[in-house]
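Hello,

Here is the structure I promised to pass on to you. Please open it beside this message, and my notes will follow below.

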Amino acid sequence: MPKVSVEIPQELLDDLNKHVGDKKKFVNQSDAIRTAIRKMLDMMDEIDKRHGRVKE
């Protein structure tokens with residue numbers, strides 16, 4: 001799996017880390033970020049479909 005490096009504000013990282021760890025929503029930061037990206041891309045696909053920008 002390729003690795004990607006990003007810079008994000010400390011505020012977002014702190015917020016993200018509240019949901020990462022044992023007995024939390026995500027096992028690690030990478031898992032949380034992958035999930036967020038997938039969700040965002042799904043939302044963008046839906047918007048594109050509604051605006052006729054994607055052929056099914």
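Let me start with one residue. Valine 20 sits in the loop that links helix 1 and helix 2. Is valine 20 buried or exposed? Its relative accessible area is 16%, and because the cut-off for buried is under 20%, valine 20 counts as buried. Its C-alpha atom is separated by 9.6 Å from that of serine 30, a residue 10 positions away along the chain. Please keep in mind that this is a predicted model.

The loop between helix 1 and helix 2 also holds lysine 23. Here the relative accessible area is 89%, so lysine 23 is exposed. Its backbone deserves a look too: phi of lysine 23 is near 60°, a positive value in a residue that is not glycine. As background, most residues other than glycine have a negative phi.

Now for the chain as a whole. What does the protein chain contain in the way of helices and strands? There are two helices and zero strands. The radius of gyration is 15 Å, well over the 10 Å that the globule rule gives for 56 residues, so the protein chain is more spread out than a compact globule. Measuring tape in hand, so to speak, you would find that the C-alpha trace spans about 40 × 25 × 25 Å along its principal axes.

Of the 56 residues, 7% count as buried. The protein chain exposes about 5,500 Å², and 54% of that comes from carbon and sulfur atoms. As for charge, there are 12 positive and 11 negative charges, and the mean positions of the two sets are 4 Å apart.

Last comes the largest pocket, with a volume of about 680 Å³. Which residues lie nearest its centre? They are Val6, Gln29, Ser30, Ile33 and Arg34, out of 19 residues that line the pocket. Helix 1 (10-17) and helix 2 (29-50) are the elements that each give two or more residues to this lining. Helix 2 gives the most, with seven residues.

I hope this helps you find your way around.

Best wishes

Conventions: Residues are numbered from 1 along each chain as its sequence is written. This is a predicted model: local features need pLDDT of at least 70, side-chain atom pairs count only at pLDDT 80 or more; totals for chains, interfaces and linings use all residues. Side-chain values use heavy atoms; hydrogens and water are left out. Helices (H or I, at least four residues) and strands (E, at least two) are DSSP runs, numbered from the N terminus. The radius of gyration is taken over C-alpha atoms; the globule rule is 2.2 Å times the number of residues to the power 0.38. Buried means under 20% relative accessible area, exposed over 50%, partly exposed in between (1.4 Å probe, protein chains only). Accessible areas come from the Shrake-Rupley method with a 1.4 Å probe; for residues, only the protein chains shown count as cover. Lys and Arg count as positive and Asp and Glu as negative; His and the chain ends are not counted. The place of a charge is taken as NZ of Lys, CZ of Arg, CG of Asp or CD of Glu. On a 1 Å grid over the protein atoms alone, a cavity is a set of points where a 1.4 Å probe fits but cannot get out, and a pocket is an open set with protein on both sides within 12 Å along at least five of seven lines; lining residues have an atom within 4 Å of a point. Grid points are joined across faces, edges and corners, and a volume is the space filled by probe spheres set on the points.
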